[in-house]
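Work through these exercises with the model open beside you. Try each task before reading its solution.

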Amino acid sequence: MKRILLYTFLGITSFITILPFLWMVSASLMNDGEASVFPPVFIPDYATLIQFQTLFVRLNAAQNFLNSLLLSTIVTLLSLFFNSMAGYAFAKYRFAGKNSLFNLLLTSMIIPSQVTMLPLFLLLKYLGFINTYMAIVIPGLANIFGIFLIRQYCLSIPDSLIEAAKIDGAGDFEIYQKIILPLAVPILVTLAIFTFLGTWNDFLWPLIVLTDNSMYTLPVALANLMGEHTKDPELMMAGSLVTIIPVIIVFLVLQKYYIKGIMMGSVKE
Amino acid sequence: MAEVILKNVTKVYEANQKVVENICVEINDREFVVLVGPSGCGKSTTLRMIAGLEEITSGQILIDGVVVNDKPPKDRDIAMVFQNYALYPHLTVYENMAFGLKLRKFGKKEIENRVNEAAKILELENYLNKKPKSLSGGQRQRVAVGRAIVRKPKVFLFDEPLSNLDAKLRVQMRTEISKLHKSLNATMIYVTHDQTEAMTMGDRIVVMKDGVIQQVDTPLNLYNYPANKFVAGFIGSPSMNFIEGVILSDSNKFKCNSSEITFNLNQTLIDQLVKHVNRKIIIGIRPEDFYLEHEKQPASNVINIYIELIEPMGNEMFVHFSIDGNNCVARISPTDKIKEGDKVTLAFNLEKIKIFDTETNKLI
């Protein structure tokens, strides 16, 4: 009886949670005006792709999609590269001031990003990067959360593995490339998901640093869409769907690494 | 030639913590030398300094006549087998063994030959495509040894390689490593805290305590002529029994502190101890040098003891008793004639006893 009640409760809660998403999918396949009728229609009379056609053909959402994809991918790859090297160094290398430097980095996490937006904007302006991809890429090259995550993971790699590699003849970069990176795949994938999602969904920073429509990422373009087409909820739903589908795909493909990465270190092996 | 020489090697960590002090030892070419001692004695640190994994504070290490203090591990032509195997988990057995050779740009054919040869010696041919996680502890250790063999180094270093194995496997692997030394005829330096491993495997043994070498000698010499009380107690299982007491000047008898035990000394010992009359000394008697009085001819050097515990081992018995509050053990032939709680007379071989100075703990 208890199990039946539990599953019923979970089923209802899950349905309520997923309902807005289902409606979004449904509305994106509706004709103009069909989503605004009362009583509301949950299943379109005739499913159509006209909204997506409008989005990509008339409103050039393809360019915004490519911008988001390119920037998310570049930032993810570069930040993985730099974060992994920094995290590995903090975990396994001995150098003067290591602990103080790491603590300083951790402390800086309490500073809200809104506080640093203006100085960062001015810095990028002086460098001539405003309204370029570099304005998104450079601030995303490394972050303290990523360094911390990788450092914590690298601490669990036995020192003897690294020593064995040194004796075998590996240099520092070879150890990083051939031993550390392959072992760190679960945490790298977890960080990749975080970074990709974060960059893809980022709205405020691209809005500040990008000024041309052709440079806009999807969230910024979608916000514009909302401003210009408030009476076209079907078009907005199509735009929202295009924005979230790639991240859902990335998450579904990589979720087993994500869950493994989250659980890592929580249980003694 | 692959001799290893340590000259006045010292290691001091931060806060002036001296872990290895003034180590001087010469390891000859093709010799199997064991560094043995209790945990924290500096044996692993010494091995790691030879490997180049720890910096030397002062002194010199020479491998094959060349000072290697400033050489990185990869340039010292050494190979190391770690306690926890240190196998690369994402590589197969073949790839683990080939890793070092690939880094050194060996040809594919050469790598294949060396790996197959090592796999044959270590009976790993059927496991070359497997990953370490699917292997047993003994198999993993053999892969670690194989990874060292393929390099054909000047010196093999072993850092407690058998510590993580169960007792039966340890005995088996001990034999295999000894056979490997004979077949490869290479210089090997082996670290262990197990004196049985040291005694059975080493050509010579370096006994260490608190970062200092206590004695360097062959296993039998260490057993028969320990330099001090520590070596005497460390080598041999069960440990040597120590009885503190004084030599009486009027009777040339030894009397232990609590006057439970008194026995006559022979002329050899009397002559040896003439400077120590009326002074405290420590007598060491190995458990195997005791016997029940009735087993052999009557002896004048006997002690009467209460049996506290008997451990039957099958081919022998360990009889536990106390002298002066110290736990002692006698190793005798199995017999039904004694039981726990009995008062028995134990005799011992006077010629086998060791005498140590109370202040310096050195052998007199």
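**Exercise 1. The hairpin of S9(B) and S10(B)**

Find how many residues lie between the strands of this hairpin, and which residue there takes a positive phi.

Solution. This is a predicted model. Start at the turn: two residues lie between S9(B) and S10(B). B:Asp210 takes the positive phi, near 55 degrees. Next, check the strands. S9 covers residues 204-209 of chain B and S10 covers residues 212-217. They run antiparallel, and five bridges join them. Finally, pick out one pair: B:Met208 in S9(B) has B:Ile213 of S10(B) as its bridge partner.

**Exercise 2. A sheet in chain B**

Give the strand order of the open sheet of three strands in chain B. Then state which strands stand at the edges.

Solution. The order is S17-S18-S19, and the pairing is antiparallel. Strand S17 (309-312) and strand S19 (326-332) of chain B each have a single partner strand. They are therefore the edge strands, and one side of each is left without a neighbour in the sheet. From one strand to the next, the twist averages 25 degrees. Now take the pairing of S17(B) with strand S18 (residues 317-323) of chain B: four bridges join these antiparallel strands. One pair to locate is B:Pro312 with its bridge partner in S18(B), B:Met317.

**Exercise 3. Helix H4 of chain B**

Test whether the length of H4 (residues 137-149) of chain B agrees or disagrees with the expected span. Then decide what covers the buried residues of H4(B).

Solution. Begin with length. H4(B) has 13 residues, and at 1.5 Å a residue it should span 18 Å, because the expected span counts one less than the number of residues. The end C-alpha atoms are 18 Å apart, which agrees.

Turn to burial. In H4(B), 10 of the 13 residues are buried, so the helix is largely enclosed by the rest of the structure. The buried residues include B:Arg140, B:Arg142 and B:Arg147. Also among them are B:Val143, B:Ala144 and B:Val145.

Last, look at the cover. It includes three helices of chain B, namely H2 (93-103), H3 (108-121) and H5 (167-184). Strands S6 (78-81) and S7 (155-159) of chain B are also part of the cover.

**Exercise 4. Two domains in chain B**

State where the domains of chain B lie in the sequence, and how many residues of each are in contact with the other.

Solution. The domain assignment gives domain 1 as 4-234 and domain 2 as 241-357. Over C-alpha atoms, 39 Å separate the centres of the two domains. Five residues of domain 1 of chain B are in contact with five of domain 2. On the domain 1 side, the residues divide into two nonpolar, two polar and one charged.

**Exercise 5. Chain A and its side facing chain B**

Describe the secondary structure of chain A. Then find which helix gives the most to the side that touches chain B.

Solution. Chain A has 13 helices and zero strands. Its C-alpha trace spans about 70 × 65 × 35 Å along the principal axes. Of its 269 residues, 32% are buried.

Now the interface: 14 residues of chain A are in contact with 17 of chain B. Helix H8 (159-168) and helix H9 (172-183) of chain A each supply at least two residues of the chain A side. H8(A) gives the most, with seven residues. By class, that side has eight nonpolar, two polar and four charged residues.

Methods. Residues are numbered from 1 along each chain as its sequence is written. Chains are lettered from A and ligands numbered from 1 in the order in which they are written. This is a predicted model: local features need pLDDT of at least 70, side-chain atom pairs count only at pLDDT 80 or more; totals for chains, interfaces and linings use all residues. A residue is buried if 20 or more other C-beta atoms lie within 10 Å of its own, exposed if 12 or fewer, and partly exposed in between; C-beta atoms are placed from the backbone. Domain bounds come from an automatic or database domain assignment. Two residues are in contact if their C-beta atoms, placed from the backbone, lie within 7 Å. Ala, Val, Leu, Ile, Met, Phe, Trp, Tyr, Cys and Pro count as nonpolar, Asp, Glu, Lys and Arg as charged, and the others, Gly among them, as polar. Two strands pair if DSSP finds at least two bridges between them. Axes are lines fitted to C-alpha atoms, for helices over the stretch in contact, and angles run from 0 to 180 degrees between N-to-C directions.
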